[in-house]
Amino acid sequence: MSRRSRLPDPLRWRAVGSMEMGLSQADAGKRLNVSRSVVLRLWDQYQSEDSVSRRHVPGRPRVTKPAEDSFLALSSRRRRSTTVPLLVADHFVASGRRISATTVRRRLHNADLYARRPVVCVPLNGRQRRARLCWAREHVSWIRQQWTSVLFTDESRFTLESDSGRLLIWREHRTRYHQSNTLERHSYRGGGIMVGQESHSVVTLTCMCSMEEL
């Protein structure tokens, strides 16, 4: 289906000028390559409003108010892992009006909030952080010959619990590694098995337990 093009204002005034010169509506339409009905509507608008500019057509009214938009954005920032259905329910409790999930997503996108996967890191206490920092400082200046004497093992871990990894949070652009967008947890919260191979003929099998089981 073809979309009707908008007639620019200069051509609108040319149509009115042609009518004032005494041309018929059909002749004025031929000069501008428009239909007779277009010239008739422009002439009627000029006679009633003394203008042929396009009338302002209001769009669809907004479902939410600015205060409600701020409420949705603030709720998602306070609870990063909240879901759209929960935000819809919170908005209904606060305002008494129901809005769609699409409206909630649009308001959050307008506030530069998007559903993304959080950065997952292993929780470390102060002693573990200091030990890792000390080790990194001791080995930061090592050359390749020194690293050749280090044995690197090829390890693979298999968790005994399912983890879909589909947890999403609401965050702004370029804030991936902010502390508020980081989730600290053990990658293998339950029991697991780690298989490590130090050479082609020696294979070690070690059972890994979660922190809660130790």
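Modeller: Before we start, a polar contact is a pair of N or O atoms within 3.5 Å, where, within protein, one must be able to donate a hydrogen and the other to accept it. Please also keep in mind that the structure above is a predicted model.

Biologist: Thanks! Which side chain does Glu172 join in a polar contact?
Modeller: Glu172 sits in the loop between strand E4 (169-171) and strand E5 (182-184). Leaving aside neighbours within four places in sequence, Glu172 is in contact with residues including Arg77, Asp112 and Leu113. The polar contact, at 3.5 Å, joins the side chain of Glu172 to that of Arg80.

Biologist: Is Glu172 buried or exposed?
Modeller: The cut-off we need is that buried means under 20% relative accessible area. Glu172 has a relative accessibility of 16%, so this loop residue counts as buried.

Biologist: Let me step back to the whole chain. How many helices and strands are there in the protein chain?
Modeller: The chain has 214 residues, and 24% of them count as buried. Among its contacts with a separation of 6 or more, 63% are between residues 24 or more positions apart. As for helices and strands, the protein chain has eight helices and seven strands.

Biologist: How many residues make up the largest nonpolar core?
Modeller: In soluble globular proteins, nonpolar side chains tend to be buried together. Here the largest such core includes Leu7, Met19, Leu32, Leu42 and Val52. Counting every member, its size is 12 residues.

Biologist: Which helix gives the most to this core?
Modeller: Three helices each supply at least two residues of the core: H1 (9-20), H2 (25-32) and H3 (36-49). With five residues, the helix that gives the most is H3.

Biologist: Which residues is Leu42 in contact with, leaving aside its neighbours within four places in sequence?
Modeller: Leu42 is itself a member of the largest nonpolar core, and it is one of the buried residues of H3. Leaving aside those sequence neighbours, its contacts are Leu7, Arg12, Ala15, Val16 and Val52.

Biologist: How far apart are the end C-alpha atoms of H3?
Modeller: H3 has 14 residues, and at 1.5 Å a residue it should span 20 Å. The model agrees with that expectation, because the end C-alpha atoms are separated by 20 Å.

Biologist: Within what arc do the buried residues of H3 fall?
Modeller: The buried residues of H3 are Val38, Val39, Leu42, Trp43, Gln45 and Tyr46. They pack against H1 and H2, while the face turned away from them carries the exposed residues Arg36 and Ser48. Looking down the axis, the buried residues line one face of the helix, because they fall within an arc of 160°.

Biologist: And what arc do the buried residues of H2 cover?
Modeller: In H2, the buried residues are Gln25, Ala28, Gly29 and Leu32. What covers them includes H1 and H3. They lie on the same side of H2, because around the axis they cover an arc of only 100°.

Biologist: Which residue with a positive phi follows H3?
Modeller: H2 gives a useful lead-in, as it is followed by Asn33 with a positive phi near 60°. After H3, phi is again positive and near 60°, and the residue is Asp50.

Biologist: How is the pair of Trp13 and Tyr46 described: stacked, tilted or edge-to-face?
Modeller: Trp13 in helix H1 and Tyr46 in helix H3 are 33 residues apart along the chain, yet their C-alpha atoms are separated by 9.3 Å. Planes over 60 degrees apart count as edge-to-face. The ring centres are 6.0 Å apart and the planes are at 85°, so the pair is edge-to-face.

Biologist: Which residues do ring pairs link into a cluster?
Modeller: A search of the whole structure finds four aromatic pairs. At 40% relative accessibility, Trp13 counts as partly exposed, and Tyr46 is among the residues that Trp13 touches. The residues that ring pairs link into a cluster are Trp13, Trp43 and Tyr46.

Biologist: One last thing: what is the angle between the planes of Trp142 and Trp147?
Modeller: Trp142 is partly exposed, with a relative accessible area of 29%, and Trp147 is partly exposed too, with 27%. Their rings form a tilted pair, 4.9 Å centre to centre. The angle between the planes is 55°.

Terms used. Residues are numbered from 1 along each chain as its sequence is written. This is a predicted model: local features need pLDDT of at least 70, side-chain atom pairs count only at pLDDT 80 or more; totals for chains, interfaces and linings use all residues. Side-chain values use heavy atoms; hydrogens and water are left out. A nonpolar core is a set of buried Ala, Val, Leu, Ile, Met, Phe, Trp, Tyr and Cys residues joined through side-chain atoms within 4.5 Å. Buried means under 20% relative accessible area, exposed over 50%, partly exposed in between (1.4 Å probe, protein chains only). Helices (H or I, at least four residues) and strands (E, at least two) are DSSP runs, numbered from the N terminus. Contact means heavy atoms within 4.5 Å. The expected span of a helix is 1.5 Å times one less than its number of residues. The arc is that of the directions from the helix axis to the C-beta atoms. Rings of Phe, Tyr and Trp (its six-membered ring) pair if their centres lie within 6.5 Å; planes under 30 degrees apart count as stacked, over 60 as edge-to-face and the rest as tilted.
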